[in-house]
Amino acid sequence: MRAHRWPPAVEPEDLGAVVHGPVVLARAPGIVAALRCVFAHSTGLSLPFVLRAEGVQAEAALRQSRWGGIDDDGPQGWSEPAVAVRVGGHEGFADASQASGSGGEDAYDLDANFWIGVLPDQAAGDHRLELTVSWPQAGLPGTTTVLTLRSWTPDEVLRLL
């Protein structure tokens, strides 16, 4: 089976329901990746993502996050955190939208949002969201976290307009 790819997307015009609180997804010396929370919308899940690095990992993250151009061997000096997702019988990778990274010699901060256009099948009792986060170029090994999302009703997903 070929893995799906969730492109960056603008969130729907509803507030969404908070279905999971903050959680650390991956950690290694000098670097950590986490979710601020998980929002369930009528058409998918929004994942506000943060990554913080310091010291050598900050230098590596900053260096990797800058586009180094293309030469005969392909892209040079660029990578980003990889977020693999399994939810509702689908699996694949998510691309960040609204991403903003900044840093210097001692600290690097990345804030991004991932949109997953699939919901767990609550009717079938499935409330799981599995995330595997990695950025080996910046010192963050792959780590898998399985979240159990709380139940929500369509009434909790309020329309803004």
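# Reading strands, sheets and covered residues

Q: Let's start with strand 11 and strand 12. How many residues lie between them in their hairpin?
A: There are 3 residues between strand 11 and strand 12 in that hairpin. Before we go on, keep in mind that you're looking at a predicted model.

Q: Okay. In which sense do strand 11 and strand 12 run, and how many bridges join them?
A: To read a pair like this, check the direction of each strand and then look for residues standing opposite each other. Here strand 11 (96-103) and strand 12 (107-116) run antiparallel, and 6 bridges join them. For one matched pair, find serine 100, which has aspartate 111 of strand 12 opposite.

Q: What about strand 6 and strand 12: how many bridges join them?
A: Strand 6 covers residues 45-54, and 10 bridges join it to strand 12. These two also run antiparallel. Try finding leucine 47: phenylalanine 114 in strand 12 is the residue opposite.

Q: How many residues of strand 12 are buried?
A: The cut-off to remember is that a residue is buried when its relative accessible area is under 20%. In strand 12, 7 of the 10 residues are buried, so the strand is mostly covered.

Q: And which residues of helix 1 are buried?
A: Helix 1 spans residues 56-64, and its buried residues are Ala58, Ala60, Ala61, Leu62 and Gln64. The next step is to see what they pack against. For helix 1, the buried residues pack against strand 6, strand 11, strand 12 and strand 13.

Q: Now the open sheet. What is the order of its strands?
A: Read an open sheet from one edge to the other. This one has 5 strands in the order 1-10-9-13-14, with mixed pairing. Strand 1 (4-6) and strand 14 (140-148) are the edge strands, and each pairs on one side only. From one strand to the next, the twist averages 25°.

Q: Where do the side chains go in a strand like that?
A: Here's the general idea: side chains in a regular strand alternate between the two faces of the sheet.

Q: How do strand 1 and strand 10 run, parallel or antiparallel?
A: Strand 1 and strand 10 (residues 90-94) run parallel, joined by 3 bridges. Look at arginine 5 and you'll find phenylalanine 93 of strand 10 opposite.

Q: Which residue in the turn between strand 9 and strand 10 has a positive phi?
A: That's glycine 88, with a phi of about 55°. Strand 9 and strand 10 form a hairpin with 2 residues between them. Strand 9 takes in residues 82-87, runs antiparallel to strand 10, and is joined to strand 10 by 5 bridges. Within this pair, valine 85 has glycine 92 of strand 10 as its bridge partner.

Q: And how many bridges pair strand 13 with strand 14?
A: Strand 13 (residues 128-135) pairs with strand 14 over 7 bridges, in the antiparallel sense. Leucine 129 has leucine 147 of strand 14 opposite.

Q: Let's look at single residues. Is valine 87 buried or exposed?
A: Valine 87 sits in strand 9. Its relative accessibility is 2%, so valine 87 counts as buried. Once you know a residue is covered, ask what touches it. Beyond sequence neighbours within four places, valine 87 is in contact with Leu45, Ile116, Val118, Leu119, Pro120, Arg128 and Leu129.

Q: How far apart are cysteine 37 and histidine 20 in space, C-alpha to C-alpha?
A: Their C-alpha atoms are separated by 5.5 Å, although 17 residues lie along the chain from one to the other. Cysteine 37 is in the loop between strand 4 (31-35) and strand 5 (38-40), and histidine 20 is in strand 2. Cysteine 37 is buried because its relative accessible area is 11%. Histidine 20 has 19%, so histidine 20 is buried as well. Leaving out residues up to four places away in sequence, cysteine 37 touches several residues, including Val18, His20 and Leu47. With its own sequence neighbours left aside, histidine 20 has contacts that include Cys37, Leu147 and Leu149.

Q: Last one: which residues form the nonpolar patch on the surface?
A: Leu15, Leu158 and Leu160 form that patch, and together they have about 290 Å² of accessible area. Leucine 15 lies in the loop between strand 1 and strand 2 (17-20). Its relative accessibility is 46%, so leucine 15 counts as partly exposed.

Definitions and conventions:
Residues are numbered from 1 along each chain as its sequence is written. This is a predicted model: local features need pLDDT of at least 70, side-chain atom pairs count only at pLDDT 80 or more; totals for chains, interfaces and linings use all residues. Side-chain values use heavy atoms; hydrogens and water are left out. Two strands pair if DSSP finds at least two bridges between them. Helices (H or I, at least four residues) and strands (E, at least two) are DSSP runs, numbered from the N terminus. Axes are lines fitted to C-alpha atoms, for helices over the stretch in contact, and angles run from 0 to 180 degrees between N-to-C directions. Patches are made of residues with over 30% relative accessible area and no salt bridge: like charges are joined within 9 Å, nonpolar side chains (Val, Leu, Ile, Met, Phe, Trp, Tyr) within 5 Å. Accessible areas come from the Shrake-Rupley method with a 1.4 Å probe; for residues, only the protein chains shown count as cover. A salt bridge is a side-chain nitrogen of Lys or Arg within 4 Å of a carboxyl oxygen of Asp or Glu. Buried means under 20% relative accessible area, exposed over 50%, partly exposed in between (1.4 Å probe, protein chains only). Contact means heavy atoms within 4.5 Å.
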